[in-house]
Protein chains: 2
Amino acid sequence: MHEISPNHPRYHSLVLREKMAQAFKEGILADTALIAHGRGEAFDYILGEKTSLPAMKAIEAASATLLLAKIPVISVNGNTAVLAAEDVVKLAHLLSARIEINLFYRTPQRVVKVEELLKKAGAKEVLGKEGDEHVSVEGLEGPRSRAHPQGVHQADVVLVPLEDGDRAQALVASGKKVITIDLNPLSRTAQTASITIVDNLVRAIPLLIQEMKKLKECSREELEELVKKFDNKENISESLNLIAQHFKKS
Amino acid sequence: MHEISPNHPRYHSLVLREKMAQAFKEGILADTALIAHGRGEAFDYILGEKTSLPAMKAIEAASATLLLAKIPVISVNGNTAVLAAEDVVKLAHLLSARIEINLFYRTPQRVVKVEELLKKAGAKEVLGKEGDEHVSVEGLEGPRSRAHPQGVHQADVVLVPLEDGDRAQALVASGKKVITIDLNPLSRTAQTASITIVDNLVRAIPLLIQEMKKLKECSREELEELVKKFDNKENISESLNLIAQHFKKS
């Protein structure tokens, strides 16, 4: 590990970077996962490394949607597990949601390592393991298309922090509500998802948990009202305007 | 290598990503180099993965500055060598400039591998090798502070594609003209350098070569005029406005 001073203005970002580099050394992540993390770093930097007002609105709508879900499932890839395994497990517990592993570059070794991470963080059951039964999500090919019959396959709402565009599109096309956490408001995933939280997942997942605890007292009608008043396209535009302002001001 | 279809809208970017991942496997790059590449990818994506008009203006001023230099030196790190060794060598040849290796996370093995890359690309002499003599750039610590007495130390103009903020600042503070190629117009390096080319170096270095060939016929006075009319702060603002427009339009 490289030493990082807590006084560094971008301390938190540098700590996450080291965490990712370490996870790569341990074989949890593919090399391209590090590059993907770098892209996230850049967008987070542009957003000032803090949760914006539009992101908070999306978190509220996402919380209501998850609370209304019949079968909510959290789809986890390597980066999500490395960055936020404990929060994912807390969120799953709160929602009685299942956790399913889905890796872009799937290898049996990495699946085992991601499962270990989730178990260590307190997950009791993890779907999507090697040897687990699976059906294919229509429109996808290869291991990414895997969906567990009791997991993503039957879910009505899927939370997929960090997803690639093809899978996000295929999940939406299969009739599911897809909630994503994506720092790039222009990505295909961000543009396709039902609800896009333009934020860093290490901030967004704890905020989702907090918001969900707050909304737990709400009636079904009140939750439905919150979902209804949320417009994802409009929300993404607000994020884009914030970014535009950031560059203009500079 | 993962297979990439030439029809993919972001084919060039994906090819570079694979090149970086491969170079990492070969031990040429540190893990954090992949993350840095990801940050670059994000900014290049924001810029539409093409050279902008402000970047072209910076390339013109940089070319004139390099042609006017008494002792131009090109400072090369791992990512630059992996992405553009051949173009760096061509540029050095055109300018009779020396090439000096300077790595952020320097290890003897990586220095040797970067040297091999440069030699394979046609470099006759490379400075900054293990065991090479060196003095320290004031204000820097550790191996990054290394400057070869016949290289960066005595240079009046240093071209440093991809540089960290500390070293860019220290080089400017030591009285050198610093030309950088940095996709993030808000980075400390971009803000500190004498001339900042906000572009991907795989596009910018060939354009520098092309521009230099064009300007070779110019008189000293004409070149000085080109340098004088260039304002780096204004040029960076133009890049920032372009990015702001990009997000606003979306």
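**Close-up views of a predicted two-chain model**

**View 1. K216(B) sits in the loop that links α8 (201–215) to α9 (220–228) in chain B.** This is a predicted model, and the first stop is a loop residue. Is K216(B) buried, partly exposed or exposed? Its relative accessibility comes out at 45%, so K216(B) counts as partly exposed. Setting aside residues up to four places away in sequence, K216(B) touches L67(B) and L94(B). With L94(B) there is also a polar link to look for: the K216(B) side chain reaches the backbone oxygen of L94(B) at 3.4 Å. Now find S63(B), which is 153 residues away from K216(B) along the chain. In space, the C-alpha atoms of S63(B) and K216(B) are separated by 9.3 Å.

**View 2. R167(B) is a buried residue in a helix of chain B.** The helix here is α6, covering residues 165–173. R167(B) has a relative accessible area of 0%, and because anything under 20% counts as buried, R167(B) is put in that class. Which side chains does the side chain of R167(B) meet in polar contacts? One is that of E163(B), joined to R167(B) by a polar contact of 2.4 Å. Another is the side chain of S75(B), with a polar contact of 2.9 Å. If you leave out neighbours within four places in sequence, the residues in contact with R167(B) are S75(B), N102(B), L140(B), R144(B), V152(B) and V160(B). So S75(B) turns up twice in this view, once in that contact list and once as a polar partner.

**View 3. Helix α2 of chain B runs from residue 31 to 46 and is mostly covered.** How many of the 16 residues of α2(B) are buried? The count is 13. Follow the helix from its first C-alpha to its last and you span 24 Å, close to the 22 Å expected at 1.5 Å a residue. After α2(B) comes G48(B), and here the backbone has a positive phi, near 75 degrees.

**View 4. Chains A and B superpose by a 180 degree rotation.** Step back now to take in both copies. Turning chain B by 180 degrees, with 0.0 Å of shift along the axis, lays it on chain A with an RMSD of 0.0 Å. The two copies are therefore related as by a two-fold rotation axis. Which surface does each copy use in the contact? The same one serves both, since 100% of the contact residues of chain B recur in chain A.

Notes: Residues are numbered from 1 along each chain as its sequence is written. Chains are lettered from A and ligands numbered from 1 in the order in which they are written. This is a predicted model: local features need pLDDT of at least 70, side-chain atom pairs count only at pLDDT 80 or more; totals for chains, interfaces and linings use all residues. Side-chain values use heavy atoms; hydrogens and water are left out. Copies are superposed by least squares on the C-alpha atoms of residues with pLDDT of at least 70 in both. Contact means heavy atoms within 4.5 Å. Helices (H or I, at least four residues) and strands (E, at least two) are DSSP runs, numbered from the N terminus. Buried means under 20% relative accessible area, exposed over 50%, partly exposed in between (1.4 Å probe, protein chains only). A polar contact is a pair of N or O atoms within 3.5 Å; within protein, one must be able to donate a hydrogen and the other to accept it, and residues adjacent in sequence count only if both atoms are side-chain atoms. The expected span of a helix is 1.5 Å times one less than its number of residues.
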